[in-house]
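Work through the exercises below with the sequence and the 3D view open. Try each task before reading its solution.

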Amino acid sequence: MKSATRSANSPFFSTAESGAYRPVGGISKRGFDIFTASLALVFLSPLFLLLMMLVKFSDGGSVFYGHRRIGHNGRSFRCLKFRTMRADGDRILQEYLRNNPAAYEEWRATRKLQDDPRVTVVGSVLRKLSLDELPQLINIIRGEMSIVGPRPVVEDELELYDAAAVFYLQSRPGLTGLWQISGRNDVSYATRVAFDTHYVQNWSLIRDFSIVVKTIPAVCFSRGSY
């Protein structure tokens, strides 16, 4: 795991890897996760199969994509998604950022691009409706993620959290959360960090259920998505 190489110089990784943090919400939150994710996988299985075929037939590439993210207590895991980018996406991104200073600044600030040259036609639709994230239900069953929690981040992003990283590491990353129902890409990264901190400090099962309910209209109206 890449993060292990930084733990000696990184206070939030060294604290997390000592096993100090139990997942926020404990058994009740985990029970809610397993029940909800299992139910969703059963009811959404026809949609799941349809999306698999669309992704596969769009360009013949792989259906799923797993990107390394940082989870509870600093553990690395493969965050699953339906593939929305071209296979040579890394090369395309680097070339695009070299030739577009404004895009480079956008990427440096948010780790996202409003006009991402790597995204396929089918992928753009899946992203708009957040359907690309449905495979994360599998991550939830595995115990790597939660239905509700902070947005999963890569190691370099976690450094942007600074002292607030300790709150991120106390929770499993979420399929949805305060960021998703509060504007998503329309809000700054600092606001996103504040959302994650507030969520962990004020967690309750009722709040989780409320966020899930509010996620439905946020997804349907594609608020802050690109």
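Buried means under 20% relative accessible area, exposed means over 50%, and partly exposed lies in between. The model is predicted.

**Exercise 1. Classify Gly143 as buried, partly exposed or exposed, and place it in the fold.**

Step 1. Locate the residue. Gly143 sits in the loop between α7 and β3 (146–148).

Step 2. Apply the cut-offs. The relative accessible area of Gly143 is 21%, so Gly143 is partly exposed.

Step 3. List the contacts. Beyond its neighbours within four places in sequence, Gly143 is in contact with Arg30 and Arg172.

Step 4. Check a distant pair. Gly143 and Gly71 are 72 residues apart along the chain, and their C-alpha atoms are separated by 10.0 Å.

**Exercise 2. State how many helices and strands the protein chain has, and what share of its residues is buried.**

Step 1. Count the elements. The chain has twelve helices and four strands.

Step 2. Take the buried share. Of the 226 residues, 45% are buried.

Step 3. Turn to contacts with a separation of 6 or more. Residues 24 or more positions apart account for 72% of them.

**Exercise 3. Describe how helices α2 and α3 meet.**

Step 1. Set the geometry. The axes of α2 (residues 26–43) and α3 (residues 45–59) come within 4 Å and cross at roughly 65°.

Step 2. Name the residues in contact. Helix α2 supplies Leu41, Val42 and Phe43, while α3 supplies Ser45, Pro46 and Phe48.

Step 3. Sort them by class. Five are nonpolar, one is polar and none is charged.

Step 4. Compare with the record. An unreviewed UniProt entry annotates residues 34–55 as "transmembrane region". In the model, residues 34–55 are 95% helix and 0% strand. The C-alpha atoms at the two ends of this stretch are 27 Å apart.

**Exercise 4. Find the buried residues of helix α6 and explain why they line one face.**

Step 1. Pick out the residues. In α6 (residues 121–128), Gly123, Leu126 and Arg127 are buried.

Step 2. Look down the axis. The buried residues of α6 fall within an arc of 100°, and therefore they line one face of the helix.

Step 3. Find the packing partners. The buried residues of α6 pack against α3 and β2 (76–82).

Step 4. Inspect the N-terminal end. Thr120 caps α6 there, with a side-chain oxygen 2.9 Å from the backbone nitrogen of Gly123.

Step 5. Move just past the helix. Ser130 has a positive phi of about 60°.

**Exercise 5. Place Asn73 and Ser130, and decide whether each is buried or exposed.**

Step 1. Start with the backbone of Asn73. Its phi is positive, about 60°, although Asn73 is not a glycine. Ser130 is also a residue other than glycine, with a positive phi near 60°.

Step 2. Place both. Asn73 lies in the loop between β1 (64–70) and β2. Ser130 lies in the loop between α6 and α7 (136–142).

Step 3. Judge burial. Asn73 has a relative accessible area of 5%, so Asn73 is buried. Ser130 has 16% and is buried too.

**Exercise 6. Trace the surroundings of Ser146, Ser171 and Thr176.**

Step 1. Take Ser146, in strand β3. Its relative accessible area is 0%, so Ser146 is buried. Beyond residues up to four places away in sequence, Ser146 touches Lys29, Asp33, Ile140, Arg172, Pro173, Gly174 and Leu175. The C-alpha atoms of Ser146 and Arg172 are separated by 5.6 Å, with their positions 26 residues apart along the chain counted as the separation.

Step 2. Take Ser171, in the loop between α9 (165–168) and β4 (174–176). Ser171 is buried at 0% relative accessibility. Its contacts beyond four places in sequence include Val24, His72 and Tyr199.

Step 3. Take Thr176, in strand β4. A relative accessible area of 7% makes Thr176 buried. Its contacts beyond four places in sequence include Ile147, Val148 and Ile211.

Step 4. Finish with the side chain of Thr176. A polar contact of 2.7 Å joins it to the side chain of Thr215. Thr176 and Val212 are 36 residues apart in sequence and 7.2 Å apart in space, C-alpha to C-alpha.

Conventions:
Residues numbered from 1 in each chain as written. Predicted model: local features only at pLDDT ≥ 70, side-chain atom pairs only at ≥ 80, totals over all residues. Heavy atoms only, no water. Axes fitted to C-alpha atoms, helices over the stretch in contact; angles between N-to-C directions. Contact = heavy atoms within 4.5 Å. Nonpolar A, V, L, I, M, F, W, Y, C, P; charged D, E, K, R; others polar. UniProt positions renumbered as here; feature names shortened; annotations may be inferred. Buried < 20%, exposed > 50% of the residue type's maximum accessible area, 1.4 Å probe, protein only. Arc of directions from axis to C-beta. Polar contact = N/O pair within 3.5 Å; in protein donor to acceptor, adjacent residues only side chain to side chain.
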